[in-house]
Amino acid sequence: MTEVVRTESEEETAGVARRLAGQLPPGSVVLLTGDLGAGKTAFVRGLAAGLGIDSEEVSSPTFTLVQEYRPSTGAGRPAPAEGRGEGSLLHVDLYRLQGAEIDDLGLDELSEGTAVVAIEWAEKLSVSPPGAIRVEIRDRGGDTREITIGADSDQLAAGSGTPAIR
Ligand code: ADP
Ligand code: MG
C-alpha cells in the first residue's frame, strides 16, 4: 500500500503524520527519508502529537542519539504504564552517524518494544526492520512537499476502512 500526499506547510505535514499515528500499532517503526530540510522532524512532531505527546519536546536530537518522549499525563489522560513504552515515541536521527555507530544503537531491540520508533535518515540503515512503514519526503519547491507513505497492507490498523491519507 502506498499513499502520496502533497502538503503546503509544516503544519500540514504534521497533520498528515498525526493521522498516521492514529493507525500505528504499538511497536511500529517509521523510516523517514528525504534531504535536509525536507520536513522529517516536522513529521515526527506530528507523530508525537498523534500519540498524545507534547510535540514541542521534539527537536532534532543533537547529542542524544535516541530520544524518548512519553505521553503527557494531563487532565483526563491515564498515566502511561511505567517502563513498558506503550504510547511513547522513540526518535532516532542517523544524520551524524555511520556504519558501526548505527549498528551499535541497537535499533533491533528498540523496535521489539511497544513504543513507536521514528528514524530520520533511514537511508543510512543497511537493513530495514521487517514491516517498517516508509515515509519519503521530497521538496517540490517553496513550501510544497510530496510525502510518500508506503507500508505492507497489513501494517496499518486493520478494519478502519479509511485510507491513511486523504
Ligand atoms: P528535516 O528534519 O527533514 O531536516 P525539518 O522538519 O527540520 O527537516 O525542517 C523542515 C523545514 O521546512 C522547516 O523549516 C519547515 O518550516 C519548512 N517547511 C516548509 N514547508 C513545509 C512543509 N510543507 N512540510 C514540512 N516542512 C516545511
Ligand atoms: Mg531532522
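**Exercise 1.** Work out what lines the largest pocket of this predicted model, and which residues lie nearest its centre.

*Solution.* Start with the lining: 20 residues contribute to the largest pocket. Now go to the middle of the pocket, where you'll find Gly37, Ala38, Gly39, Lys40 and Thr41 nearest the centre. Next, ask which elements supply two or more lining residues: these are α1 (10-21) and α2 (40-50). Of the elements, α2 gives the most, with three residues. Then sort the lining by class, and you get eight charged, six polar and six nonpolar residues. Last, the space: the largest pocket holds about 320 Å³.

**Exercise 2.** Find the ring that the charged end of Lys40 sits over.

*Solution.* Pick up Lys40 again, one of the residues nearest the centre of the largest pocket. Follow its side chain to the charged end and look for a ring beneath: that ring belongs to Trp121. Then check the distance to the ring centre, which comes out at 4.3 Å. That fits the cut-off of within 6 Å for a charge over a ring.

**Exercise 3.** Describe the second largest pocket by its space, its lining and its classes of residue.

*Solution.* First, the space is about 230 Å³. Second, walk along the lining: Ile102 and Asp103, then Gly106, Leu107 and Asp108, and finally Leu125, Ser126, Val127, Ser128, Pro129 and Pro130. Third, match these to helices: α3 (99-103) and α4 (107-110) each supply at least two of the lining residues. Fourth, sort by class, which gives six nonpolar, three polar and two charged.

**Exercise 4.** How many aromatic pairs does the structure hold?

*Solution.* Go through the rings, and you end up with one aromatic pair.

Conventions: Residues numbered from 1 in each chain as written. Chains lettered and ligands numbered in written order. Predicted model: local features only at pLDDT ≥ 70, side-chain atom pairs only at ≥ 80, totals over all residues. Heavy atoms only, no water. 1 Å grid on protein atoms, 1.4 Å probe; cavity = no way out; pocket = protein on both sides within 12 Å on 5 of 7 lines; lining within 4 Å. Points joined across faces, edges and corners; volume = space filled by probe spheres on them. Helix = DSSP H or I, 4+ residues; strand = E, 2+ residues; numbered from the N terminus. Nonpolar A, V, L, I, M, F, W, Y, C, P; charged D, E, K, R; others polar. Phe/Tyr/Trp six-rings, centres within 6.5 Å; stacked < 30°, edge-to-face > 60°. Lys NZ or Arg CZ within 6 Å of the ring centre and 35° of its normal.
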